[in-house]
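Welcome! Please take a moment to look over the sequence and the 3D view before reading on.

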Amino acid sequence: MADKYDVEAAEILANEALHLPISVAVPIYEQLLATFPTAAKYWKQYVEAHMAVNNDDATKQIFSRCLLNCLQIPLWRCYIRFIRKANEKKAVEGQEETRKAFDFMLSYVGADIASGPVWMEYITFLKSIPAQTTQEESQRMTAVRKAYQKAIVTPTHHVEQLWKDYENFENSVSRALAKGLLSEYQPKYNSARAVYRERKKYVDEIDWDMLAVPPSGSHKEELQWMAWKRFLAFEKGNPQRMDSASANKRIAFTYEQCLMFLYHYPDIWYDYATWHANSGAIESAIKVFHRALKALPDSEMLRYAFAELEESRGAIQPAKKVYESLVGDGVNATALTHIQYIRFLRRTEGVEAARKYFLDARKSPNCTYHVFVAYAMMAFCLDKDPKVAHNVFEAGLKRFMHEPGYILEYADFLSRLNDDRNIRALFERALSSLPPEESVEVWKRFIQFEQTYGDLASMLKVEQRRKEALSRTGEESQSALESSLHDVAARYSFMDLWPCSSKDLDHLARQEWISKNVNKKVERPALANGATFVDKGSSGLTINSNPSAKVVYPDTSRMVIYDPRQKSGPSAPGLPPLSSTLTASSVALIGGGSASAPNEFLKATPPALLAFITNLPAVEAHMHAARHKVYYPETSTPRSPLGDQVVCSDTNGPSPDIDFVLSVCLQSNIPTGQTGKPATSSMQLQTGPAQSTSDLSGSSKPHPVPSGSSFKSTRDKQPRKRRDTDRKDDDETATVQSQPLPRDMFKLRQLQKARGATSQTGSASYGSAFSFSGELSGSTG
């Protein structure tokens, strides 16, 4: 199998072996059982194949390999069938062997919730034993009674049936005696039945056909792990209130069943061994650890746990053997193994033994700087010998100067000695040899050291050196070489204390991040408007970044002008040709790009927007402001007229004056079309009365510019019936924005400003004049 633990492939192999001769199927079964040694269904299938050809020797050998590790009723019932068949012709001697086999089986799986049929079969067998004398009859009745009394206090699926059979049995023997016995066992039976109902809830959550595979993190495996954990916790609670020995036997049985399915879970093995140890059964715990290491030979955790158990009970030599099995020949031992063995030797044999092993371990190819740090700190903290620790650190520095972690540990050691001269020398030596990209943490610790031991000049000097060193690696931008308020906050902080609020700290951090990225090059898309992409990072800031995917733009040729009164019918009306006053400079005005590509701009811009732009007066300062910053109602975030996906990068122009923009809108003579009617000529519209830009929405009624409200317009040469119909439509679709307001909104704005009553919504309303629909959604009220 490509995957050793492929469950589907294993099932296919098992089905193939089922139809093959036993001589051919044996290698297949051995392969399956080597991979899944606790798969009771494969053991049962294997042994039944031998039983079918009456191969008794092979059958016995298989049973001896699997029975004690697979506590499952179907496999054990197969064992009883084999024993009864082998002894059916041996008369009394055979019956005794069969009885012993039943007792053996019930001592292991008699507590299983599915063991009811086994108890029934056992009782039936006892009743079938012939009795020649009265004494033999009495012995048989006693054996049957004991079997019933054990069965009815065992929570199984057949506990109620067993109780009825027991009642009938006692009444058939002696009604007088039955009354006393039944009244004695009635409470025990009731308790067993109640526990059965609770236990069944946990048992039903378990998949009893699951194969034992290493944990892969799948949802099904996690559910089974949790189900077994809950079942074990239930059994540890001793719900049946049995004596300690019986309760421990029941818990051990549940652990054994659990390991049939969670065989590769080290935490289950550890829990099982620890439970034994806490119960006082140390020898049982040791046996469990031996089995666990056989099942999971690569688990270092279980080996350390086993060594810990042995050491805790004073068995030093067995514990040492466990450590030696981890170390092996020393070539493949990990650094952690060396460290833990050094500590074990110091605890059990003294400092000299630990030192000798360290001298050998440092020659190992797998010896890392961690071994030097561990031994040096052991000598310093436990043996109170700073000289030895200093020598070890110096010896390690020759090999691990390139390791920032080692430098920091050495610096910590020197800090404990209060040796500021050597600490500064260590940082200088390390930073001169470490690559800049690996020296970030060392620089940070160097700055912290200077904040503690140095003066202000040395602090500032080290910070500046750090910035210069990291700027060459791209860690810091060129602008970050200058001192910032964030540096001051970091310099005057201590542990979790900061000289500013968390809000200010976040603001400073965002500013520092922006300063690092402000000059990064941006790949501009091939658009004539020169817009750049918006990257909304985790900090919530709008920044320029390279597009990670192709931006899909809407098909502007299919855009429909919004009209709330528009009924289902023909699409939006056509618009008149663009006025000849639109020039290439106007195109560059909005797009921010070159004036040499107006055709591409026209393809991506709605005609209504171009018509509005055509009528804007050429005021340089305000054109510059309008080109670079547009504000929408309900937000203060700069946006582009082309939508939320793009925004112009230059925001240095002056902010537009709202009253100026309103006056521009009022003076604009924008061409418009009427719903359901062909567009009039450009000349006719230009000679007519001035109309609002809101006419671009397709409405047949002009709207005042600032609020988007509708006024009653004259309907020349219209029949009364048509006017009534339009008035009815107006009443049905009237909104807050459709209520009439004074015509001269510019004067109204001046009055509001004089009274100091200008609202926030009014101050932001001009931005909507640049939207795709052409309607002004802001309110001046």
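What follows is a short tour, from the whole chain down to single residues.

## The chain as a whole

Let us begin with the broad outline. This is a predicted model, and its chain has 781 residues, of which 41% count as buried. Its secondary structure is made up of 35 helices and four strands.

The accessible surface of the chain comes to about 42600 Å², and carbon and sulfur atoms provide 53% of that area. Contacts can also be sorted by how far apart the partners sit in the sequence. Among the contacts in the chain with a separation of 6 or more, 57% are between residues 24 or more positions apart.

## The nonpolar core

Now for the inside. The largest nonpolar core has 157 residues, and those with the most contacts inside it are Tyr42, Phe63, Tyr166 and Trp269. Which helix gives this core its largest share? That is helix α19, residues 369-381, with ten residues.

Trp269 is a good place to pause. Not counting residues up to four places away in sequence, Trp269 touches Leu259, Tyr263, Val288, Arg291, Ala292, Ala295, Leu296 and Leu302.

Leu302 also turns up among the partners of Phe289, a residue of helix α14, which spans residues 282-295. Is Phe289 buried or exposed? Phe289 counts as buried because its relative accessibility is 3%, and the cut-off for buried is under 20%. Apart from neighbours within four places in sequence, Phe289 is in contact with Tyr270, Ala273, Leu302, Ala305, Phe306 and Leu309. The C-alpha atoms of Phe289 and Arg303 are 8.2 Å apart, with their positions 14 residues apart along the chain.

## Aromatic rings

There are plenty of ring pairs to look for: the structure holds 48 aromatic pairs. One of them joins Tyr255 and Trp275 in a tilted arrangement, 6.0 Å centre to centre, with 40 degrees between the planes. This pair links distant parts of the chain, as Tyr255 belongs to helix α12 (residues 244-261) and Trp275 to helix α13 (residues 266-278), 20 residues apart. Both Tyr255 and Trp275 are buried.

A further tilted pair is formed by Phe400 and Tyr406, with 5.7 Å from centre to centre and 55 degrees between the planes. Phe400 and Tyr406 are both buried as well. They also belong to one aromatic cluster, together with Phe358, Tyr369, Phe372, Tyr375, Phe380, Phe393, Tyr410 and Phe413. Elsewhere, a ring has a charged partner: Lys188 lies over the face of Tyr185, at 4.7 Å from the ring centre.

## Two loop residues, His19 and Gln72

Loops deserve a look too. His19 is found in the loop between α1 (7-18) and α2 (22-35). With a relative accessible area of 66%, His19 is exposed, because exposed means over 50%. A polar atom of the His19 side chain lies 2.9 Å from the backbone oxygen of Asn15. Further along the sequence, Ala49 is 30 residues from His19, and their C-alpha atoms are separated by 9.9 Å.

Gln72 also has its place in a loop, the one between α4 (56-66) and α5 (73-87). Is Gln72 buried or exposed? Gln72 counts as buried because its relative accessibility is 16%, and buried means under 20%. The side chain of Gln72 reaches the backbone oxygen of Trp208 at 3.4 Å. Trp208 also appears in the contacts of Gln72 outside its neighbours within four places in sequence, along with Ala40, Lys41, Val109, Met260 and Phe261.

## Positive phi angles

Finally, two residues stand out for their backbone angles. Asn54 has a phi near 55 degrees, a positive value in a residue other than glycine. Asn54 is placed in the loop between α3 (40-52) and α4, and at 51% relative accessibility it counts as exposed.

Met495 likewise has a positive phi, near 55 degrees, and is a residue other than glycine. Where is Met495 placed? Look in the loop between α25 (485-491) and α26 (502-517). Met495 counts as exposed, at 70% relative accessibility.

Notes. Residues are numbered from 1 along each chain as its sequence is written. This is a predicted model: local features need pLDDT of at least 70, side-chain atom pairs count only at pLDDT 80 or more; totals for chains, interfaces and linings use all residues. Side-chain values use heavy atoms; hydrogens and water are left out. Buried means under 20% relative accessible area, exposed over 50%, partly exposed in between (1.4 Å probe, protein chains only). A polar contact is a pair of N or O atoms within 3.5 Å; within protein, one must be able to donate a hydrogen and the other to accept it, and residues adjacent in sequence count only if both atoms are side-chain atoms. Contact means heavy atoms within 4.5 Å. Accessible areas come from the Shrake-Rupley method with a 1.4 Å probe; for residues, only the protein chains shown count as cover. Rings of Phe, Tyr and Trp (its six-membered ring) pair if their centres lie within 6.5 Å; planes under 30 degrees apart count as stacked, over 60 as edge-to-face and the rest as tilted. A charge sits over a ring if NZ of Lys or CZ of Arg is within 6 Å of the ring centre and within 35 degrees of the ring normal. A nonpolar core is a set of buried Ala, Val, Leu, Ile, Met, Phe, Trp, Tyr and Cys residues joined through side-chain atoms within 4.5 Å.
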